[in-house]
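Let's take a walk through this one together, starting with the empty space inside and then turning to how some helices pack. Have the model open beside you as you read.

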Amino acid sequence: MGKKRSREADGQGDVTMTDPPANKRDEDDSSDDEDMDIVNVDFELFNYDPQIDFHGVKTLLRQLFDTDAQLFDLSGLSDLIVEQNTIGSTCKVDDKANDAYAFLTVLNLQEHRAKKPIAQLIEYLTDRAKTNDSLGSVVPELLASGKHVGLVLAERLLNMPAEVIPPMWTCMIDEIEAAVEDKEPYEFSHYLVVSRGYREVASSLDQSERKQKKAREEAELQYFHPEDEEMRKHALAAGPYEFTKEGELVADSKRAFHEMGIKSCGFMMLIEASKFQSAVQSIVEYVGTAT
């Protein structure tokens with residue numbers, strides 16, 4: 001994938017994905033040794049267009065915040081994102097008019113804190129950070145300090161290839177630098193990256209409440225976005241938090257295996273501005289090595 005030219009025109013590139021043609025799927029299922037045909041898919045990065053991207057971004061925001069999405073004015077937040085069309089990108093296939101498969105943006109929490117969607121997010125993130133020792137020691141105080149904190153929101157469809165991610169991040173770095181040169185309010189002291197993860201948990205249908213609690217405490221955090229594990233190495237503070245609207249039976253509707261379910265959780269990383277570019281570079285290198 002090529003890099004979108006910051007603050008100007010759209011760019012494009014391609015990512016090679018493997019997918020068997022329809023008439024070979026039965027053969028492929030019966031033999032692991034069959035060669036897979038190569039299908040070239042062109043993923044393009046676009047600046048936000050308020051006339052096109054509102055619904056696609058809102059859908060991805062609902063996925064990002066999971067069961068807590070109902071707590072926010074997602075329409076207002078989507079408007080803020082798509083109107084800020086020189087920072088961040090959507091990733092699409094075939095045409096700009098299509099809905100986004102992925103999006104990435106950064107919002108200045110101090111600049112927008114009087115607006116309802118951002119006020120809701122600040123209150124929510126402050127509250128959730130207090131439930132995690134690492135986050136609670138620094139995030140609430142920082143969000144109340146009046147410093148310019150960049151809230152990074154990123155989400156993509158689950159089947160998106162990892163190769164599309166590095167160009168979106170490196171492009172945003174370039175756009176932020178250009179915006180700062182133009183005296184726009186994107187000079188941050190810290191970046192707060194909001195993401196999500198999950199834990200495999202025992203089904204509530206098969207376990208007592210005590211056993212469920214113990215399983216949740218012992219389960220290892222997994223990442224919906226694998227690059228988060230690499231980026232957190234550069235964070236001042238990082239950790240998961242429980243969604244406030246998560247019900248005990250949700251895991252049963254998201255079973256990963258026959259005996260196990262998936263319990264989603266939020267995940268935050270606070271990164272100092274001086275270390276943000278190296279954090280982005282680390283995920284560029286990580287994705288390149290992993291693929």
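**Empty space and packed helices**

Sort the residues lining the largest cavity by class and you get eight nonpolar, two polar and four charged. Keep in mind as you look that this is a predicted model. The volume of that largest cavity comes out at about 110 Å³, and the structure has two cavities of 30 Å³ or more. To find the largest one on screen, go to A154, E155, R156, W169 and E227, which lie nearest its centre among the 14 lining residues. Which elements give two or more residues to this lining? They are the strands β6 (102-108), β7 (149-156) and β8 (190-202), along with the helices α8 and α10 (227-231).

Helix α8 turns up again in the next stop, the second largest pocket, where α8 (165-181) and α11 (273-290) each supply at least two lining residues. The largest share, four residues, comes from α8. This second largest pocket has a volume of about 160 Å³. Its lining is made up of I173, I176, E177, V180, Y186, E187, F188, Y191, A273, F276 and Q277. By class, that works out as eight nonpolar residues, one polar and two charged.

Now for the helices. A packed pair is described by the angle between the two axes and the distance between them. Start with α2 (residues 54-65) and α3 (residues 74-83): their axes come within 9 Å and cross at roughly 120°. Angles of 65 to 115 degrees would count as roughly perpendicular, so this crossing makes α2 oblique to α3. The crossing of these two helices is right-handed. On the α2 side, the contact is made by F54, V57, K58, L61, R62 and F65, and these meet L74, S75, L77, S78, D79, I81 and V82 of α3. Taken together, the contact of α2 with α3 has eight nonpolar, two polar and three charged residues.

Stay with α3, because it also packs with helix α5 (residues 116-129), at an angle of about 110° and with the axes 8 Å apart. How do the two helices lie relative to each other, roughly perpendicular or roughly parallel? That angle makes α3 roughly perpendicular to α5. Here G76, L77 and L80 of α3 touch P117, I118 and L121 of α5. Notice L77, which also belongs to the contact of α3 with α2. By class, the contact of α3 with α5 has five nonpolar residues, one polar and no charged ones, whereas the contact of α2 with α3 has three charged residues.

Definitions and conventions: Residues numbered from 1 in each chain as written. Predicted model: local features only at pLDDT ≥ 70, side-chain atom pairs only at ≥ 80, totals over all residues. Heavy atoms only, no water. Axes fitted to C-alpha atoms, helices over the stretch in contact; angles between N-to-C directions. Parallel < 35°, antiparallel > 145°, perpendicular 65-115°, else oblique. Left-handed = near helix turned anticlockwise from the far one by under 90°. Contact = heavy atoms within 4.5 Å. Nonpolar A, V, L, I, M, F, W, Y, C, P; charged D, E, K, R; others polar. 1 Å grid on protein atoms, 1.4 Å probe; cavity = no way out; pocket = protein on both sides within 12 Å on 5 of 7 lines; lining within 4 Å. Points joined across faces, edges and corners; volume = space filled by probe spheres on them.
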